[in-house]
Amino acid sequence: MKRLLHVALGILTSVGGFLEIGSIVTAMQAGAEFGFRLLWVVALGTLCAISLTEMAGRFSAVSQRTLGDALRERFGARGFGLVVLGVGVTSVLVLGAELTGLAIATELATGVSFRLWGLPIAFLVWLILWKGKFGVIEYGVAGLGLVTLSFLVAAFHVDPPGPAMAAGLLPSLPAEPDGRYWFLAVSILGATLTPYLFYFYSSGAIEDGWTIAELSANRIVAAIGMLFGGVLAGAVLVVAAMVMPDMRIEDYAALPLVLSRVFGRTGFWLFVASLWIGCLGAALEITLAITYLLAQGYNWRWGENLRPREAARFVLTYTALVAVGLGFTLAGVDALQLTNLAMALTSAVLPLALSPLLLLMNDRRYLGRHANGWIANGFAVLIVALSLTLAVVSIPLAI
């Protein structure tokens with residue numbers, strides 16, 4: 001039973017990695033503008049996410065170390081600092097987008113400007129981090145995140161054509177050069193393969209006390225959790241393709257249409273709840289992931305299960321991160337533009353996060369006989385090659 005409950009870690013990770021403002025917006029834009037033609041990108045991102053989270057969980061369960069610990073030990077202060085700089089800057093942008101998404105969801109529900117909701121929302125996120133144990137955050141957000149199943153129900157309700165969906169799962173090129181097509185493809189992958197996702201998962205495995213006995217459970221957790229998020233992201237794209245064809249989404253006020261055109265007023269509230277829960281999960285996950293990374297790399301006491309006074313630097317770090325993220329909301333930044341920019345920049349720094357992971361997964365000092373085999377390495381090399389390609393093209397496409 002305990003191992004089955006670990007699935008909540010995978011679902012929490014997937015809610016923060018798939019069903020948050022970045023994934024919802026990019027999937028909606030892709031479906032509305034290009035129909036089912038970018039479904040293959042969602043599927044590719046899901047497969048990569050399953051592989052990466054399985055590796056992160058296996059590393060921590062076997063070595064009893066987090067990725068942050070091992071990065072500092074294996075690559076030294078400079079190598080660790082480079083990873084923190086790249087992953088940290090982009091993650092702060094994503095955190096700003098998620099806190100703004102939370103405020104926007106609250107504005108949609110109340111009619112009060114999202115800028116006025118910025119401070120209460122940031123305080124709520126901080127309060128959950130201050131008071132909540134890891135298990136409360138893990139199971140609570142995972143349970144509430146089930147509201148996002150409304151996208152899957154909507155996908156069945158609109159009765160999409162099977163052959164067209166199947167064709168969308170096969171990689172294809174646009175009929176003529178189209179920067180927007182490739183920008184959305186890169187953004188979807190950036191939203192799916194956010195580095196904080198597997199750093200958080202690795203730390204969560206240690207928080208939950210995983211050992212080698214959990215290796216089988218880890219495979220199930222990674223597969224079910226990431227598949228859960230990937231299917232729902234695909235459902236968002238499918239519904240947008242059916243109910244918002246040829247629509248350029250440039251205003252967050254248009255976002256609820258994806259469900260309200262299917263379920264009416266009920267759909268509006270289902271969308272608001274899904275966006276709110278997804279952004280809350282992502283905001284908690286990002287804040288913890290970066291705080292974990294810094295604390296582990298610099299050998300601070302860390303953990304959500306410690307009392308705040310027992311891990312003062314850990315608490316101070318996540319407090320500062322929430323404050324910086326709040327600044328984007330208070331400044332009234334355009335949420336959609338910030339989201340798209342954050343996803344593109346995340347793609348640009350992927351090699352910084354993925355290349356060290358590949359090296360660590362082959363280090364038998366940490367993993368012994370549980371190091372990557374040739375199949376896992378082959379897939380990991382493909383993911384790193386994909387990340388290098390994304391790094392090269394993401395910024396020009398964003399411009």
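This is a short tour of a few residues in helix α18 and what surrounds them. Keep in mind as you go that the model is predicted.

**Stop 1: N377**

Start by selecting residues 374-398, which make up helix α18, and pick out N377 within that helix. Is N377 buried or exposed? Its relative accessibility is 19%, and the cut-off for buried is under 20%, so N377 counts as buried.

Now show the side chains of N377 and N362: a polar contact of 2.6 Å joins them. Which other residues touch N377, once its neighbours within four places in sequence are left aside? Add L358 and N372 to your selection; together with N362, they are in contact with N377.

**Stop 2: V384**

Stay in helix α18 and move to V384. With a relative accessibility of 12%, V384 counts as buried. Leaving aside neighbours within four places in sequence, select L354, S355 and L358 to see what V384 is in contact with. You have met L358 already, as one of the contacts of N377.

For a sense of scale, add R115 and draw a distance between the C-alpha atoms of V384 and R115: they lie 39 Å apart in space. Along the sequence, 269 residues separate the two.

**Stop 3: a patch on the surface**

Finally, turn on the surface and select L47, F379 and L382. These residues form a nonpolar patch there, and their accessible area together is about 290 Å². To place L47, highlight residues 39-63, the span of helix α4, where L47 sits.

Key: Residues are numbered from 1 along each chain as its sequence is written. This is a predicted model: local features need pLDDT of at least 70, side-chain atom pairs count only at pLDDT 80 or more; totals for chains, interfaces and linings use all residues. Side-chain values use heavy atoms; hydrogens and water are left out. Helices (H or I, at least four residues) and strands (E, at least two) are DSSP runs, numbered from the N terminus. Buried means under 20% relative accessible area, exposed over 50%, partly exposed in between (1.4 Å probe, protein chains only). A polar contact is a pair of N or O atoms within 3.5 Å; within protein, one must be able to donate a hydrogen and the other to accept it, and residues adjacent in sequence count only if both atoms are side-chain atoms. Contact means heavy atoms within 4.5 Å. Patches are made of residues with over 30% relative accessible area and no salt bridge: like charges are joined within 9 Å, nonpolar side chains (Val, Leu, Ile, Met, Phe, Trp, Tyr) within 5 Å. Accessible areas come from the Shrake-Rupley method with a 1.4 Å probe; for residues, only the protein chains shown count as cover. A salt bridge is a side-chain nitrogen of Lys or Arg within 4 Å of a carboxyl oxygen of Asp or Glu.
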